[in-house]
Amino acid sequence: MAYVAMTSPLAPVVAALEGLRRRQPALTRCVTPGLVITATPEWSRAMNPEAAAVLLVAGWTRARRVPLLIPGETFVDRTGRLGVRRAHVAVLSDDPCAVTPGVVVARDRAELLDLVAEHAGDEMPAWELARHVRRLTALLAIPASPLPVTRTNRAFSA
């Protein structure tokens, strides 16, 4: 397993994921511990909408950062756990890492949603991700969806 440097913009998302793993291990079994992997033959290039929703909800509610999963850099092992070789992070302009190279800066929460959908591409339909996000926010008693509905992507409405 690879490790995320503490200075990485992805580090708070991984920390939020691991915190959630300690409290709700059943919800996080779809994501490999530490998230970042070194791809070996046991990993297949694929997307897992359930795991993407866990990352989205944990990353936004705890760190206000959204991991952008890149097709071709996102893998699933034989048990269905998601791991990434590389992920970008999207943040709002007031985030301290907004000036960090490689970080995608969004104007508002609606644009963050659009970025998630754009990066997922055809491999993860927005409606399927939205279904998992709604389920997680209900299970975790989060008052509202981590990201708002937009005109361009109503599938994320809570």
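**Figure 1. Helix α3 in the predicted model, seen along its length and at its two ends.** In this predicted model, α3 comprises 15 residues and reaches 20 Å from its first C-alpha to its last, which is close to the 21 Å expected at 1.5 Å a residue. Of these 15 residues, 12 are buried, so the helix is largely enclosed by the rest of the structure. The buried set consists of P49, A51, A52, A53, V54, L55, L56, V57, A58, G59, W60 and A63. At the start of α3, a side-chain oxygen of N48 comes to within 3.0 Å of the backbone nitrogen of E50, while the residue that follows the helix, R64, has a positive phi, near 55°.

**Figure 2. The open sheet of 4 strands and the helix packed on it.** The strands of this sheet are arranged in the order β1-β5-β4-β2, and their pairing is mixed. Because β1 (31-36) and β2 (44-45) stand at the edges and each has a single partner strand, one side of each is left without a neighbour in the sheet. Strand β2 is joined by 2 bridges to β4 (residues 74-76), the two running antiparallel, and within this pairing R45 has F75 of β4 as its bridge partner. Helix α3 (residues 49-63) packs on the sheet, where it touches β1 and β5 (82-84), and its direction makes about 55° with that of β1.

**Figure 3. The open sheet of 3 strands, with helices α3 and α4.** Here the strand order is β3-β6-β7, again with mixed pairing. The edge positions are held by β3 and β7, each of which has a single partner strand, so one side of each lacks a neighbour in the sheet. From one strand to the next, the twist averages 30°. Strands β6 and β7 run parallel and are joined by 3 bridges, and L92 stands opposite A106 in β7. Helix α3 lies across β3 and β6, running at about 155° to β3, whereas α4 packs on the sheet by touching β3, β6 and β7, with its direction at about 20° to that of β3.

**Figure 4. Helix α4, its starting residues and its surroundings.** At 1.5 Å a residue, the 12 residues of α4 should span 16 Å, and the distance of 17 Å between its end C-alpha atoms agrees with this expectation. At the start of the helix, a side-chain oxygen of D108 reaches to within 2.8 Å of the backbone nitrogen of E111. E111 is itself among the buried residues of α4, together with L112, L113, L115, V116, H119 and A120. The elements that cover these buried residues include α3, β3, β6, β7 (104-106) and α5.

**Figure 5. The largest nonpolar core and the surroundings of V31.** This core contains 43 residues, and those with the most contacts inside it are L10, V31, L35 and V66. Two or more residues are given to the core by each of α1 (11-23), β1, α3, β3 (65-69), β5, β6 (87-92), α4 (109-120) and α5 (126-139). The largest share, 9 residues, comes from α3. When neighbours within four places in sequence are left aside, V31 is in contact with L17, R21, A51, V54, L55, R81 and L82. As general background, nonpolar side chains tend to be buried together in soluble globular proteins.

**Figure 6. E73 in the loop between β3 and β4.** The loop that links β3 and β4 includes E73, which counts as buried because its relative accessibility is 15%, where buried means under 20%. Residues up to four places away in sequence not being counted, E73 touches G83, V84, R85 and R86.

**Figure 7. The whole chain, as context for the close-up views.** The protein has 5 helices and 7 strands, which follow the pattern α-α-β-β-α-β-β-β-β-β-α-α when read along the sequence. Buried residues account for 51% of the 158 residues in the protein. Among contacts between residues at least 6 apart in sequence, 64% join residues at least 24 apart.

Definitions and conventions: Residues are numbered from 1 along each chain as its sequence is written. This is a predicted model: local features need pLDDT of at least 70, side-chain atom pairs count only at pLDDT 80 or more; totals for chains, interfaces and linings use all residues. Side-chain values use heavy atoms; hydrogens and water are left out. Two strands pair if DSSP finds at least two bridges between them. Contact means heavy atoms within 4.5 Å. Axes are lines fitted to C-alpha atoms, for helices over the stretch in contact, and angles run from 0 to 180 degrees between N-to-C directions. A nonpolar core is a set of buried Ala, Val, Leu, Ile, Met, Phe, Trp, Tyr and Cys residues joined through side-chain atoms within 4.5 Å. Buried means under 20% relative accessible area, exposed over 50%, partly exposed in between (1.4 Å probe, protein chains only). The expected span of a helix is 1.5 Å times one less than its number of residues. A polar contact is a pair of N or O atoms within 3.5 Å; within protein, one must be able to donate a hydrogen and the other to accept it, and residues adjacent in sequence count only if both atoms are side-chain atoms.
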